Amino acid sequence: MALPAQTTQTAPTTTSSATAQADAPVEFFFDPICPWAWMTSRWLTEVQRLRDLEVTWRVMSLALLPANATPAPEHADGIRRSKEYCPLVALVGERAGSAAVKALYDEMGRRIHLDARTDVEAVARESLAATGLDAALFDERHAGDAPLAANQRDVAERVGTDVGTPVLTVNGHSFFGPVVSPAPTGDAALRLYDGLSLTTSVDGFFELKRSRDVGPILR
């Protein structure tokens, strides 16, 4: 009896599609006061450094989430500071664009998270000046209320109102996270990004989560 001819199966070509997805434009939404968003931003900055990745940096506010309309006592001071920082960053975004938002966030984040400073006005003015922006923009910060509200509506349409920051958009898919501590660097940072990028190829993928057992490892 003759044996049936063997057929050669071709393995799925995942590498090229992964590369295409990994190079797609990205949007990152953050609240400057959130240490978890800061950690994620350090990871994304590392990916941006290692790869030609286009990232649009946008601010949202934890203070505008329904869950924080009456914040818990332990969160009240952070929400108060969010109400001052976030309109300022939104104003900078409207007037100077995403690159200026990123530069301002870098300066603010170092002072807020690494130096543990809570003096809002001084942090804001120093950060503006260090970024090459006019420190007097702090006095106009609430001119950013409208663009901040627009960003918040955009986030709500993408992921709902029951998640905080960060919110990441890759390949037109948005999700809360990733939450990382410490921020991965080098090849580990790229592997995480490529893995997240691949999840966007599954339209029905929504959530993957485990409880945190460490706090933000900032250094």
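How many helices and strands are there in the protein chain? The count comes to 7 helices and 4 strands, and this is a predicted model. The views below take you from the whole chain to a few chosen spots.

**View 1. The whole chain, from one end to the other.**
Starting at the N terminus, the elements follow the order α-β-α-β-α-α-α-α-β-β-α. The chain has 219 residues, and 42% of them are buried. If you look just at contacts with a separation of 6 or more, 75% of them join residues 24 or more positions apart. As for the outside, the accessible surface adds up to about 11,700 Å², and carbon and sulfur atoms own 54% of that.

**View 2. Inside the largest nonpolar core.**
Here we zoom in on a set of 52 residues, where Phe30, Trp43 and Leu44 touch the most other members. Helix α3 gives this core its largest share, with 8 residues. Nonpolar side chains in soluble globular proteins tend to be buried together.

**View 3. Phe30 and its contacts.**
Which residues does Phe30 contact, leaving aside neighbours within four places in sequence? Its partners are Ala37, Trp57, Arg58, Val59, Met60, Val89, Val101, Tyr105 and Thr165. Phe30 is also one of the three core residues that touch the most other members.

**View 4. Gly97, in the loop between two helices.**
Gly97 sits in the loop that links α3 (76-96) and α4 (98-114). Is Gly97 buried, partly exposed or exposed? With a relative accessible area of 23%, Gly97 counts as partly exposed, because buried would mean under 20%. Thr56 is 41 residues away along the chain, yet its C-alpha atom and that of Gly97 are separated by 8.9 Å.

**View 5. Helix α5, end to end.**
Helix α5 covers residues 120-131, which makes 12 residues. At 1.5 Å a residue it should span 16 Å, and its end C-alpha atoms are indeed 16 Å apart, so the two values agree. Right after α5 comes Gly132, which has a positive phi, near 90°.

**View 6. The buried face of α5.**
Which residues of α5 are buried? They are Val120, Val123, Ala124, Ser127 and Leu128. Looking down the axis of α5, you find its buried residues within an arc of 125°, so they line one face of the helix. An α-helix has 3.6 residues a turn, so residues three or four places apart point the same way. The buried residues of α5 pack against α3 and α4.

Conventions:
Residues are numbered from 1 along each chain as its sequence is written. This is a predicted model: local features need pLDDT of at least 70, side-chain atom pairs count only at pLDDT 80 or more; totals for chains, interfaces and linings use all residues. Side-chain values use heavy atoms; hydrogens and water are left out. Buried means under 20% relative accessible area, exposed over 50%, partly exposed in between (1.4 Å probe, protein chains only). Contact means heavy atoms within 4.5 Å. Accessible areas come from the Shrake-Rupley method with a 1.4 Å probe; for residues, only the protein chains shown count as cover. The expected span of a helix is 1.5 Å times one less than its number of residues. The arc is that of the directions from the helix axis to the C-beta atoms. A nonpolar core is a set of buried Ala, Val, Leu, Ile, Met, Phe, Trp, Tyr and Cys residues joined through side-chain atoms within 4.5 Å.
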